[in-house]
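Colleague: I should like to learn how to read the features of a protein model. May we go through one together, step by step?

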Amino acid sequence: MSHGTRSGGPLTDGSVPAGRHAVVVGGGLAGVTAALALADAGVGVTLLEGRPRLGGLAFSFRRGDLTVDNGQHVYLRCCTAYRWFLERIDAAALAPLQDRLDVPVLDVARPEGRRLGRLRRDALPVPLHLGRSLATYPHLSLADRARTVRAALALKGLDLTDPALDTQDFGSWLTAHGQSARAVEALWDLVGVATLNAVADDTSLSLAAMVFKTGLLSDPAAADIGWARVPLGELHDRLAREALDSAGVRTELRTRVASVFADGNGGWSVRVPGETIHADTVVLAVPQREAYDLLPAGALDAPERLLAIGTAPILNVHVVYDRKVLARPFLAALGTPVQWVFDRTEASGLKRGQYLALSQSVAQDDIDEPVAALRERYLPELERLLPRTRDARVEDFFVTRERTATFAPAPGVGRLRPGARTKAPGLYLAGAWTATGWPATMESAVRSGVGAADAALSALGRPRPRRPFALEEAAHSAFPGDTSRTFGHHPEETGVALRGGPGEG
């Protein structure tokens with residue numbers, strides 16, 4: 001086992017006491033973030049990951065000559081935490097943002113010539129920034145557009161600190177505020193399914209309100225979309241590992257943690273095959289079920305709540321054609337089982353033809369279907385959606401499945417999500433599923449890592465790193481359950497991530 005080498009001094013605002021050591025269990029976005037934040041404060045860090053790579057559930061793999069992401073992951077301009085993470089690992093230029101929100105929405109059930117609508121913003125203050133887009137959105141009737149504006153204003157007025165919101169479902173709230181089934185399909189679920197991995201009827205009003213208030217109703221630029229123009233493994237594995245090495249973090253892959261227990265001297269022991277690692281503090285940055293298995297007795301008042309946090313699948317359908325069939329970088333679809341389609345040709349390294357990835361959230365009905373059945377289901381739908389596919393040859397068709405891709409944002413989930421601190425001094429939790437106030441996104445994962453690191457640094461008496469802690473604390477007043485107390489926002493950069501897949505595992 002080897003150590004990385006630190007390239008410079010600790011990035012802190014004060015003197016750094018010596019001799020402290022932390023173990024971070026889990027090399028997803030939450031764990032990598034926690035490790036970097038701790039190391040930047042001068043803490044010695046060992047990061048343990050059972051897989052042969054970093055990145056959790058946002059990763060890449062090779063398939064012949066292609067480099068394939070397990071799923072399409074995007075983020076928004078308002079995702080200050082994930083944006084900091086990209087900057088910290090020197091990857092921001094590889095995952096640029098749109099200049100301005102622009103989402104093509106194609107409805108295959110409409111007549112030719114009226115199928116394409118666009119959700120885009122203007123350079124106007126909220127809520128006028130979306131006014132022209134909604135006024136001309138062809139997938140809603142005039143009456144639905146007017147009712148949508150009224151519902152959006154009512155949503156903007158909700159108090160996110162009200163715990164009662166978590167007990168209600170978003171679908172019932174939309175119905176009570178005059179939203180038709182068509183409005184739910186063509187607008188609210190179009191956004192909500194992608195960000196929350198659940199339809200409105202199955203979504204906590206608290207989380208839905210957080211998504212729409214902060215992602216679309218906080219700042220005109222909040223929802224501008226960004227995505228990696230290179231494979232995710234380039235970001236979350238290679239560049240993340242280089243950043244960890246430069247920070248002096250000892251990173252051990254293919255290392256499963258067997259147990260975590262207090263050593264009786266105020267510290268912790270982490271048992272891995274062939275070694276017991278001693279630490280002053282431990283961050284468990286693993287999925288909730290794994291955290292449940294590793295938590296020592298008494299660390300949480302009701303650890304069984306972790307097992308009550310449901311999970312939701314995401315299916316990604318990958319199709320390689322012998323020619324270009326889609327002229328846009330991505331689009332959203334209505335009137336078809338297809339949800340979102342992304343062009344992954346350049347990022348995958350494909351030299352000829354075009355490679356499309358279909359991101360299918362709320363995939364309970366499809367997640368266990370054989371590949372042949374999925375091929376029969378989705379290729380005809382792509383022909384309906386993209387006429388150029390009708391004359392194209394399919395060079396490859398395959399799927400990737402994440403059966404537990406996100407936690408299920410069901411009503412009542414808020415009370416089940418624990419904060420970063422446990423009742424065991426020196427033991428902390430991180431992961432997109434913890435109480436960040438956000439749905440299961442890359443943003444939530446990074447925020448949780450920052451929150452766990454901040455709690456650990458406070459207990460260790462360490463100064464905070466200048467970044468990512470040099471942001472306003474005030475934004476957290478909206479999320480009383482948020483344990484990422486150090487992660488505030490620039491006042492013009494508050495919002496929510498488009499569902500980008502979890503980064504905790």
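Modeller: Let us begin with a definition: helices and strands are DSSP runs, numbered from the N terminus. With those names, Pro 425 can be placed in the loop between strand S18 (394-407) and strand S19 (427-429). Please note that this is a predicted model.

Colleague: How many helices and strands does the protein have?

Modeller: The secondary structure comes to 14 helices and 19 strands. Of the 505 residues of the protein, 60% count as buried. Among contacts between residues at least 6 apart in sequence, 72% join residues at least 24 apart.

Colleague: Is Pro 425 buried or exposed?

Modeller: Exposed means over 50% relative accessible area. Pro 425 has 70%, so this residue is exposed. Its C-alpha atom is separated by 8.2 Å from that of Ala 459, although the two residues are 34 apart along the chain.

Colleague: Let us turn to a helix. How does one check the span of H1?

Modeller: One allows 1.5 Å a residue, and the expected span is that rise times one less than the number of residues. Helix H1 (residues 29-40) has twelve residues and should therefore span 16 Å; the end C-alpha atoms of H1 are 16 Å apart, which agrees. After H1 comes Gly 42, with a positive phi near 90°.

Colleague: Why is H1 described as largely enclosed by the rest of the structure?

Modeller: Buried means under 20% relative accessible area. Twelve of the twelve residues of H1 are buried, so the helix is largely enclosed. Among them are Leu 29, Thr 33, Leu 38 and Asp 40.

Colleague: How is the packing of two helices described?

Modeller: The description uses the angle between the axes and the distance between them. The axes of H1 and H13 come within 7 Å and cross at roughly 35°. This crossing of H1 and H13 is right-handed. On the H1 side, the residues in contact include Leu 29, Ala 30, Thr 33, Ala 34, Ala 37 and Leu 38; on the H13 side, they include Met 442, Val 446, Gly 449 and Ala 453. By class, the contact of H1 with H13 has twelve nonpolar, three polar and no charged residues.

Colleague: Why might the H1 contacts have such a spacing in sequence?

Modeller: An α-helix has 3.6 residues a turn, so residues three or four places apart point the same way. In H1, one may look at Ala 30, Ala 34 and Leu 38, which are among the residues that meet H13.

Colleague: Which residues touch the most other members of the largest nonpolar core?

Modeller: That core has 131 residues, and Leu 38, Tyr 82, Phe 170 and Val 282 touch the most other members. Helix H13 (residues 442-460) gives the most to this core, with ten residues. Not counting residues up to four places away in sequence, Tyr 82 touches Leu 29, Met 442 and Val 446, among others. Apart from the largest core lies another, of 25 residues, including Leu 331 and Leu 374.

Colleague: What should one look for in the backbone?

Modeller: Most residues other than glycine have a negative phi, and most peptide bonds are trans. Asp 90, in the loop between helix H2 (80-88) and strand S6 (102-107), has a positive phi of about 60° although it is not a glycine. Arg 254 likewise has a positive phi, of about 50°, and counts as exposed at 65% relative accessibility. The peptide bond from Val 126 to Pro 127 is cis, with omega near 0°.

How values were computed:
Residues numbered from 1 in each chain as written. Predicted model: local features only at pLDDT ≥ 70, side-chain atom pairs only at ≥ 80, totals over all residues. Heavy atoms only, no water. Helix = DSSP H or I, 4+ residues; strand = E, 2+ residues; numbered from the N terminus. Buried < 20%, exposed > 50% of the residue type's maximum accessible area, 1.4 Å probe, protein only. Core = buried A, V, L, I, M, F, W, Y, C linked by side-chain atoms within 4.5 Å. Contact = heavy atoms within 4.5 Å. Axes fitted to C-alpha atoms, helices over the stretch in contact; angles between N-to-C directions. Left-handed = near helix turned anticlockwise from the far one by under 90°. Nonpolar A, V, L, I, M, F, W, Y, C, P; charged D, E, K, R; others polar.
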